[in-house]
Amino acid sequence: MAEVHVIGQIVGGSGFPSHSLFCKWGIHAGGAWKVIAGAREGQTQVDLPQNDAFAAWSHPIDIHFATKGLQGWPKLKFEVYHQDEFGRNELYGYGFCHLPTSPGMHNIECVTWRPAGTAREQIAQFFIGGAPQLRNPDMVHSAERYALSTTAMGKVHLQLGIIFRNFDRYGVEC
């Protein structure tokens, strides 16, 4: 079977309204894709930068796929959270990006967004905290999300190395 190795890191996040951020991530792929080694999901540590508006996570990603075809190419999904001084976690944004389809080193910026909610939810969020969240987290990378009313948030920065193996031997064309 053709193989894809993804080696890199979630460098950090920028452009979010406040500091003390962490990120939950996951890789989703179609039915023709099988994970040979590596973690499909994870979570970074909370970073509280002193002077920068950049949350540095430097969280490693190392996953090895085998595939019979290109349909269902893997994508990375992110949920960025803010942790306040009481240890409460508030959703700051969802985002996703497809893994690069060419071998080599890639620097990627994944934009994030969150549901805007109703006027009542926005007022409650201002006074009480807590942002609206998706009931179905898989909606982040589906076409249905374009029907949502959303608010733009910050970016998640990635550095990924992509390695292809045996694509020509098994007739998988890029």
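**Entry 1: elements**

I take a strand to be a DSSP run of E with at least two residues, numbered from the N terminus. By that reading, serine 58 belongs to strand β5. I'm noting right away that this is a predicted model.

I went through the chain for its elements and got 1 helix and 9 strands. From the N terminus on they go β-β-β-β-β-β-β-β-α-β, so I read the helix as sitting just before the final strand in that order. There are 174 residues, and 46% of them count as buried. I also pulled the contacts with a separation of 6 or more: 76% of these come from residues 24 or more positions apart. For the surface I have about 9700 Å² exposed by the chain, with 51% of it from carbon and sulfur atoms.

**Entry 2: pairing around β5**

Which way do β1 and β5 run relative to each other, parallel or antiparallel? They are antiparallel, and I get 12 bridges between them. One spot I looked up there is serine 14, which stands opposite phenylalanine 54 of β5.

β5 also pairs with β3, which covers residues 33-38. This pairing is antiparallel too, over 5 bridges. Glycine 38 faces isoleucine 63 of β5.

Isoleucine 63 turned up again when I listed the contacts of histidine 5. Histidine 5 is in strand β1, residues 2-14. With neighbours within four places in sequence set aside, histidine 5 is in contact with Ile63, His64, Gly161, Ile162 and Ile163. One of these partners gets a polar contact: the side chains of histidine 5 and histidine 64 are joined at 3.3 Å.

**Entry 3: cores**

Next I looked up the nonpolar cores. The largest has 31 residues, and Val4, Leu76, Phe78 and Leu160 have the most contacts inside it. Two or more residues come from each of β1, β2 (21-28), β5 (54-67), β6, β7, β8 (104-115) and β9 (150-165). Which element gives the most? That is β9, with 6 residues.

I then listed what phenylalanine 78 touches, leaving out residues up to four places away in sequence. Among them are Ile10, Trp25, Tyr94, Val156 and Leu158, plus the cysteines Cys23, Cys97 and Cys110. Lys24, Gly93 and Gly95 are on the list as well.

There is a second, separate core of 5 residues. Phe22, Tyr81, Leu91 and Trp113 are included in it.

**Entry 4: two serines with positive phi**

Most residues other than glycine have a negative phi. That is why I flagged positive values at non-glycine positions.

Serine 20 has a phi of about 65°, and it lies in the loop between β1 and β2. Is serine 20 buried or exposed? Its relative accessibility is 11%, and the cut-off for buried is under 20%, so it counts as buried.

Serine 58 is the other case I looked up, with a positive phi of about 45°. Serine 58 sits in a strand, β5. Its relative accessible area is 47%, so I log serine 58 as partly exposed.

**Entry 5: glutamate 85**

Where is glutamate 85? It is in the loop between β6 (75-83) and β7 (89-98). Glutamate 85 is exposed because its relative accessible area of 70% is over the 50% cut-off.

I checked glutamate 85 against serine 20 as well. They are 65 residues apart along the chain, with 8.9 Å between their C-alpha atoms. Of this pair, serine 20 is buried, whereas glutamate 85 is exposed.

Terms used. Residues are numbered from 1 along each chain as its sequence is written. This is a predicted model: local features need pLDDT of at least 70, side-chain atom pairs count only at pLDDT 80 or more; totals for chains, interfaces and linings use all residues. Side-chain values use heavy atoms; hydrogens and water are left out. Helices (H or I, at least four residues) and strands (E, at least two) are DSSP runs, numbered from the N terminus. A polar contact is a pair of N or O atoms within 3.5 Å; within protein, one must be able to donate a hydrogen and the other to accept it, and residues adjacent in sequence count only if both atoms are side-chain atoms. Contact means heavy atoms within 4.5 Å. Buried means under 20% relative accessible area, exposed over 50%, partly exposed in between (1.4 Å probe, protein chains only). A nonpolar core is a set of buried Ala, Val, Leu, Ile, Met, Phe, Trp, Tyr and Cys residues joined through side-chain atoms within 4.5 Å. Two strands pair if DSSP finds at least two bridges between them. Accessible areas come from the Shrake-Rupley method with a 1.4 Å probe; for residues, only the protein chains shown count as cover.
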